[in-house]
Amino acid sequence: QVQFVESGGGLVQPGGPLRLSCAASGFTFRRYTMRWHLQAPGKEREFVATITSAGGPWYAHSVKGRFTISRDNAKNTVYLQMNSLKPEDTAVYYCIAAGMGYWGQGTQVTVSS
């Protein structure tokens with residue numbers, strides 16, 4: 001079955017970096033656009049970044065210039081490199097395959113001093 005296992009979250013100080021990974025399985029990974037979303041406490045899930053099957057990225061305005069999405073089709077994995085983190089980036093981060101409707105458990109990112 002389709003699965004997404006996110007990892008790499010944790011506690012980081014403002015201004016610091018963090019790299020998230022998402023291992024996908026159960027479908028032909030290389031054919032799908034992949035996305036990262038976040039859900040902050042008390043808020044709805046929102047889009048962060050997407051990468052097409054050809055590798056073209058697109059970012060939410062709030063993270064553009066700070067976050068980089070990438071993928072390794074040989075490893076069925078999508079990454080999110082997050083730099084210059086801010087307290088408002090604190091959230092649970094999820095990866096999904098566009099159009100599939102499956103969600104993993106996410107990984108918690110907390111930005112605090």
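# Reading the features of a predicted model

Tutor: Phe-29 sits in the loop that runs between strand 3 and strand 4 (34–39). Keep in mind that this is a predicted model.

Student: Is Phe-29 counted as buried or exposed?

Tutor: The cut-off for buried is under 20% relative accessible area. Phe-29 has a relative accessibility of 1%, so it counts as buried.

Student: Which residues is Phe-29 in contact with, leaving aside its neighbours within four places in sequence?

Tutor: They are Ala-24, Met-34, Arg-71, Asp-72, Asn-73, Asn-76, Thr-77 and Val-78. A C-alpha separation is another way to relate two places in the chain. Phe-29 and Ala-97 are 68 residues apart along the chain, and their C-alpha atoms are separated by 8.2 Å.

Student: Ala-24 is in that list. Where is Ala-24 found?

Tutor: Ala-24 belongs to strand 3. It is buried because its relative accessibility is 9%. Apart from neighbours within four places in sequence, Ala-24 is in contact with Gln-3, Phe-4, Phe-29 and Asn-76. The C-alpha atoms of Ala-24 and Cys-95 lie 8.9 Å from each other, with these positions 71 residues apart along the chain.

Student: Asn-76 appears in the contacts of Phe-29 and in those of Ala-24. What is the phi of Asn-76?

Tutor: The phi of Asn-76 is positive, about 50°, although the residue is not a glycine. Asn-76 lies in the loop between strand 7 (67–72) and strand 8. Its relative accessible area is 26%, so Asn-76 is partly exposed.

Student: What is the phi of Ser-84?

Tutor: Ser-84, also not a glycine, has a positive phi of about 50°. This residue is in the loop between strand 8 and strand 9. Ser-84 is partly exposed because its relative accessible area is 40%.

Student: Cys-95 came up with Ala-24. How many disulfides does a search of the whole structure find?

Tutor: Start with the general idea. A disulfide is a covalent bond between the sulfur atoms of two cysteines. Here the search of the whole structure gives 1 disulfide. Its partners are Cys-22 and Cys-95, with sulfur atoms 1.7 Å apart. The pair connects distant parts of the chain, 73 residues apart: Cys-22 is in strand 3 (residues 18–25) and Cys-95 is in strand 9 (residues 91–97). Both Cys-22 and Cys-95 are buried.

Student: What is the volume of the largest pocket, and which residues line it?

Tutor: The volume of the largest pocket is about 190 Å³. Its lining consists of Leu-38, Ala-40, Lys-43, Glu-46, Ser-62, Val-63, Arg-66, Lys-86, Glu-88 and Asp-89. A lining can also be read by residue class. This one divides into 6 charged, 3 nonpolar and 1 polar.

Student: Asp-89 is in that lining. Is Asp-89 buried or exposed?

Tutor: Asp-89 is buried, because its relative accessible area is 5%. It is found in the loop between strand 8 (77–82) and strand 9.

Student: Which backbone atom does the side chain of Asp-89 reach?

Tutor: The Asp-89 side chain reaches the backbone nitrogen of Lys-86, at 2.7 Å. Lys-86 is also among the residues that line the largest pocket. Without neighbours within four places in sequence, the contacts of Asp-89 are Arg-66, Phe-67, Ser-84, Val-109 and Val-111.

Student: Turn to a residue in a strand. Where is Thr-50, and is it buried or exposed?

Tutor: Thr-50 is part of strand 5 (residues 46–51). Its relative accessibility is 11%, so Thr-50 counts as buried. The side chain of Thr-50 has a polar atom 3.1 Å from the backbone oxygen of Met-34. Met-34 is also one of the residues that Thr-50 touches when those up to four places away in sequence are not counted; the others are Thr-33, Arg-35, Gly-56, Pro-57, Trp-58 and Ile-69.

Student: How many residues apart in sequence are Thr-50 and Gly-104?

Tutor: They are 54 residues apart in sequence, and 16 Å apart in space from C-alpha to C-alpha.

Student: Is Gly-101 buried or exposed?

Tutor: The cut-off for exposed is over 50%. Gly-101 counts as exposed because its relative accessibility is 64%. It has its place in the loop between strand 9 and strand 10 (107–111). Gly-101 and Val-2 are 99 residues apart in sequence, with a C-alpha to C-alpha distance of 9.9 Å.

Notes: Residues are numbered from 1 along each chain as its sequence is written. This is a predicted model: local features need pLDDT of at least 70, side-chain atom pairs count only at pLDDT 80 or more; totals for chains, interfaces and linings use all residues. Side-chain values use heavy atoms; hydrogens and water are left out. A disulfide is a pair of cysteine sulfur atoms within 2.5 Å. Helices (H or I, at least four residues) and strands (E, at least two) are DSSP runs, numbered from the N terminus. Buried means under 20% relative accessible area, exposed over 50%, partly exposed in between (1.4 Å probe, protein chains only). A polar contact is a pair of N or O atoms within 3.5 Å; within protein, one must be able to donate a hydrogen and the other to accept it, and residues adjacent in sequence count only if both atoms are side-chain atoms. Contact means heavy atoms within 4.5 Å. On a 1 Å grid over the protein atoms alone, a cavity is a set of points where a 1.4 Å probe fits but cannot get out, and a pocket is an open set with protein on both sides within 12 Å along at least five of seven lines; lining residues have an atom within 4 Å of a point. Grid points are joined across faces, edges and corners, and a volume is the space filled by probe spheres set on the points. Ala, Val, Leu, Ile, Met, Phe, Trp, Tyr, Cys and Pro count as nonpolar, Asp, Glu, Lys and Arg as charged, and the others, Gly among them, as polar.
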